[in-house]
Amino acid sequence: MGNSGILTDIGVLATCSPAGGQSELNIIRDAAIVFVDARINWVGEAADLPDAHSGLPTFSAGGRTVIPGLVDCHTHLAFGGWRADEFQMRIEGRSYLDIAASGGGIQKTMGQTRLATHESLLQHCLEYTSRSVRLGVTAIECKTGYGLSFDDELKLLRVYAELKGKTALDVASTLLAAHVVPKINPDGTKCNKQNYIKMICERLIPTVAEEGLAEFNDIFVEQGAYTTEDARLILKTGEKHGLKAKLHVDQLGDGGGGKLAAELAAISADHLEYTSPEGIRAMANADVVAVCLPFASLYLNQPPMKARAFLDAGVDVAVATDFNPGSAPSYDLPLAMMLACTMSRMTPAEALKGATLNAAKAISREQEYGSIEIGKRANFVELSVPDVNHWMYHFQPNSCVRTWIGGNRIFDSID
Ligand SMILES: [Zn+2]
């Protein structure tokens, strides 16, 4: 009976099941969860626990709050080197685009990522997935975008493919070859934008699809990166090869990203700090998940995404870290959730559903996990807090006591 058992003595169970919308956590008090063969078999009040499960090993949650395993649905996990110098430059008043124009930013990380070996990148990913799991993260989306050549983008996807077998977390891989246009090719020649896009569409996407290396295809639509026309071409090409569309849009200005995401039937549109009311309505109609990334707004000293406008329009909002060495150098998803509350005016309940069920939806995993419901994977987190509101309010370095993935205690600070 491996991966089977009962977690009982749960003070507050925030199931995060879909009913009632984003603000409704569907809480059960004095609850228990039964899991069999890594999947949830029964959920309810402990007093109603069916006798049929009495032979299973029982674990006590000690009256703690239990939530579904957190899902970080937007990271740039594999990168070489850090950019602490730019942190200071931005504080001194230089802009993101200004730093990028002077050889910093993504181009700098690209150079260091191209030099990094598969093994060193894999070790980096394993280090940060093991740190994330201690915060209650049980699934992570990982983007490429720092290789920016045929070979180097494949290198990053192969790192993620190997990571899948070596971490307990579920890993979803995203091709972000269209992050920026690289200034130089690996052979030292100058890179031409049209040739680079041609390479992505004609060689890279077909190879990635054939080898099953990614599920999603992403693009950064912004001044200094890609246009909406580029997005149509690259994302439609991906779609033809079975890669679902994601977009980085409206981060530094309104580029019509909401409407574009709706037009392309993207699974998610991320950032959205400047999206127009029209764009928000289009996203609601097309059921595109809006991913709120508070670290990027905070580190870039930009206005945050107006999450309330999306929620009021009926858009599902997810919350993620955007972990990367430039605009969001933190993997702390609970902290991003707290910032989504304070900066983007989400309630703690909305932030939690945003980092569980809606984050799972942003990576097509909402049938697999994201809520504590019968049939889903036994992924849940025990928190040493009286309830979800208190967790976000009295923010502590780490309130996660145990992280369960597929019915296994992957992190346990008690035993
Ligand atoms: Zn990003």
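**View 1. What counts as a regular four-donor metal site, and what this one looks like.** Four donors count as tetrahedral if all angles lie between 85 and 135 degrees, and as square planar if opposite donors are over 155 degrees apart and all others between 65 and 115; anything else is irregular. In this predicted model, the angles among the four donor atoms of the zinc ion run from 84 to 169°, so the site falls into the irregular group.

**View 2. Meet the residues that hold the zinc ion.** Three histidines, His74, His76 and His248, each offer NE2, while Asp322 joins in through OD. These atoms sit at 2.1 to 2.3 Å from the metal. Along the chain, the donors follow the spacing H-x1-H-x171-H-x73-D. His74 belongs to the loop between strand 6 (70–72) and helix 1 (84–91), and His248 to strand 10 (residues 244–249), so this pair ties together parts that are 174 residues apart in sequence. Both His74 and His248 are buried.

**View 3. Inside the largest nonpolar core.** This core has 103 residues, and Leu247, Met337 and Leu352 touch the most other members. Helix 6 (residues 193–210) is the top contributor, giving eight residues. Domain 1 (5–68 + 371–412) and domain 2 (70–362) both chip in, so the core lies between them.

**View 4. Zooming in on Leu352, and a core that stands apart.** Leaving out residues up to four places away in sequence, Leu352 touches Ala14, Cys16, Leu25, Ile67, Leu70, Met337, Val388 and Trp391. Apart from the largest core lies another one, of 16 residues. Among its members are Leu293, Ala362, Ile363 and Tyr369.

Note on methods: Residues numbered from 1 in each chain as written. Predicted model: local features only at pLDDT ≥ 70, side-chain atom pairs only at ≥ 80, totals over all residues. Heavy atoms only, no water. Donors = N, O, S within 2.8 Å, 3.2 Å for Na, K, Ca; no water. Tetrahedral: all angles 85-135°; square planar, octahedral: opposite > 155°, others 65-115°. Helix = DSSP H or I, 4+ residues; strand = E, 2+ residues; numbered from the N terminus. Buried < 20%, exposed > 50% of the residue type's maximum accessible area, 1.4 Å probe, protein only. Core = buried A, V, L, I, M, F, W, Y, C linked by side-chain atoms within 4.5 Å. Domains from an automatic or database assignment. Contact = heavy atoms within 4.5 Å.
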